[in-house]
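Please load the model in your viewer, with side chains available for display, and keep the sequence panel open beside it. The stops below can be followed in order, each beginning with a selection.

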Amino acid sequence: MDDRTFVIVGAGLAGAKAAETLRDEGFGGRVVLIGAETERPYERPPLSKGLLLGTAERDSPYVHDAGWYAAHDVELRTGTTVTGIDRAAHTVTLSGGEALRYDRLLLATGASPRTLPGAEMDGLLTLRTLADSDRIGAILQRDARLVIVGAGWIGLEVAAAARERGAAVTVVESAALPLQRVLGDQLAQTFADLHREHGVDFRFGAKVQELTEHRVSLADGSVLDADAVLIAVGVRPNTELAERAGLSVDDGVPVDDRLRTDDPDIFAVGDVANVNHPLLGARIRVEHWANALDGGPVAARAMLDRDVRWDRLPYFFTDQYDLGMEYAGWVPPGATADVVIRGDLAAREFIAFWTVDGRVAAGMNVNVWDVTDAVQALIHAGLRGATIDPAALADPDTRLEDLAR
């Protein structure tokens with residue numbers, strides 16, 4: 001009989017997959033999964049995609065069916081927050097005052113939407129939860145006016161869903177192009193053109209002067225009236241619990257390649273984890289779906305002292321109108337990267353590669369499918385030091401699999 005208790009703080013995708021893996025790996029002790037939301041664990045990509053478009057069922061994002069947790073002896077405590085960690089006593093304190101002892105603790109506390117400095121958020125929308133998606137979806141009727149502050153991935157996905165449902169959309173962005181920092185000018189222009197073709201009104205280089213529930217005032221004196229205003233300027237990792245416990249905090253909770261913090265009995269995973277990545281040779285914090293999906297099982301096995309490490313390449317995807325995209329890899333901050341295009345950029349059917357010193361660091365396939373493994377193989381080859389001729393990389397007659405050898 002295993003009398004150990006493993007506690008997971010954060011009942012999102014990463015936490016749910018960790019609980020699932022503990023049981024799959026034969027752990028017979030107590031598993032407690034604690035979530036602040038009243039919903040059972042769910043995945044977030046549908047919130048800005050299928051649910052907003054009305055093409056996905058309301059219960060489609062859930063990780064498990066409602067009976068899974070009891071059937072697998074996982075204590076799911078929804079609507080509950082953890083207010084403190086006593087590392088010496090190995091206990092967490094719950095919002096109701098209960099002290100719960102743990103042998104191993106996993107922090108999967110996720111992230112929260114950023115706000116604008118000085119903005120009064122009452123009445124303004126953000127998108128992070130199922131409830132947020134429900135609220136936005138109820139607004140997206142034909143002829144509704146939606147102003148989105150921020151032209152990142154979430155802002156653009158909501159813009160696409162809103163336009164497809166007939167809403168008028170204005171996107172306010174301080175940079176000169178959407179996704180400019182992530183993609184660079186050439187590829188950012190592709191997304192700007194895509195949205196303009198579908199009727200999105202961009203306000204680039206704009207500074208927000210004042211925000212209310214139904215109005216955005218810009219520094220140039222223009223005023224945007226709206227039925228709703230969405231703030232989509234990124235997220236910040238939820239590190240408050242770790243900080244109060246005296247754990248190291250630096251752009252999230254630093255962990256090693258086994259997702260262990262500086263406390264040997266506490267692990268962190270998902271949006272909150274700043275991982276010392278063994279392949280990339282740097283600390284990275286990734287906020288995307290695949291990080292939670294794949295990280296939860298790694299954390300669970302590490303908690304069980306299995307021989308595992310987190311070495312997956314960053315990966316994410318987006319769907320906007322008729323554009324589908326997958327991105328894999330990581331370009332080091334400050335690195336000078338060259339972009340190589342393979343395919344037809346104008347037709348939006350291509351693969352873009354970011355190369356650093358001749359080595360493939362990242363790749364993005366747009367409306368080109370079944371190439372993810374080949375793209376990641378090229379990135380792994382680059383991490384081993386292999387350089388690739390840009391002309392060969394761009395040549396559609398050259399097999400990517402051959403280049404990766």
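What follows is a tour of a predicted model, going from aromatic rings to helices and then to a cavity.

**Aromatic pairs**

Begin with the aromatic side chains, among which the structure holds eight pairs. Select Phe 6 and Phe 27, whose ring centres are 4.3 Å apart and whose planes meet at 15°, so that the pair counts as stacked, the limit for this being under 30 degrees. The two partners come from distant parts of the chain, 21 residues apart, with Phe 6 in strand E1 (residues 5–9) and Phe 27 in the loop that runs between helix H1 (13–24) and strand E2 (30–34). Switch on a surface here and look at both residues: Phe 6 and Phe 27 are each buried.

Next select Trp 153 and Phe 191, an aromatic pair with an edge-to-face arrangement, in which the centres are 5.7 Å apart and the planes stand at 85°. Trp 153 belongs to helix H5 (residues 153–164) and Phe 191 to helix H7 (residues 185–197), so this pair ties together parts of the chain that are 38 residues apart in sequence. Trp 153 and Phe 191 are both buried. Now extend the selection to Phe 316, Tyr 327 and Trp 354, since ring pairs link these three with Trp 153 and Phe 191 into a cluster.

**Charges over rings**

Which rings have a charged side chain over them? Select Arg 40 with Tyr 62, where the charged end of the arginine sits over the tyrosine ring at 3.8 Å from its centre. Then move to Phe 317, where Lys 49 lies over the face of the ring, at 4.8 Å from the ring centre.

**Helix H7**

Return to H7, the helix that carries Phe 191, and display its full length. Its 13 residues should span 18 Å at 1.5 Å a residue, and the C-alpha atoms at its ends are 18 Å apart, which agrees. Besides Phe 191, the buried residues of H7 are Leu 187, Ala 188, Thr 190, Ala 192, Leu 194 and His 195. Following the chain beyond H7 brings you to Gly 199, which has a positive phi near 90°.

**Helix H10**

Select residues 372–383, the twelve residues of helix H10, which reaches 17 Å from its first C-alpha to its last, close to the 16 Å expected at 1.5 Å a residue. Colour Thr 372, Ala 374, Val 375, Gln 376, Leu 378, Ile 379, Ala 381 and Gly 382, which are buried in H10. To see what covers these buried residues, add the surrounding elements, including strands E21 (315–320), E22 (323–329), E24 (349–356) and E25 (359–366), together with helices H11 (390–394) and H12 (400–403). Just after H10, stop at Gly 385, whose phi is positive at about 105°.

**The cavity**

A search of the whole structure finds one cavity of 30 Å³ or more, and the largest cavity has a volume of about 70 Å³. To outline this largest cavity, select its lining residues: Leu 259, Val 269, Gly 270, Ala 273, Val 275, Ile 284, Arg 285, Val 286, Asn 291, Gly 295 and Trp 310. The elements giving two or more residues to this lining are strand E19 (273–277) and helix H9 (289–303).

**Last stop**

Finish at Glu 240, which lies in helix H8 (residues 240–244) and counts as partly exposed at 32% relative accessibility. A distance line drawn from its C-alpha to that of Gly 252, twelve residues away along the chain, should read 9.7 Å.

Notes: Residues numbered from 1 in each chain as written. Predicted model: local features only at pLDDT ≥ 70, side-chain atom pairs only at ≥ 80, totals over all residues. Heavy atoms only, no water. Phe/Tyr/Trp six-rings, centres within 6.5 Å; stacked < 30°, edge-to-face > 60°. Helix = DSSP H or I, 4+ residues; strand = E, 2+ residues; numbered from the N terminus. Buried < 20%, exposed > 50% of the residue type's maximum accessible area, 1.4 Å probe, protein only. Lys NZ or Arg CZ within 6 Å of the ring centre and 35° of its normal. Expected span 1.5 Å × (residues − 1). Contact = heavy atoms within 4.5 Å. 1 Å grid on protein atoms, 1.4 Å probe; cavity = no way out; pocket = protein on both sides within 12 Å on 5 of 7 lines; lining within 4 Å. Points joined across faces, edges and corners; volume = space filled by probe spheres on them.
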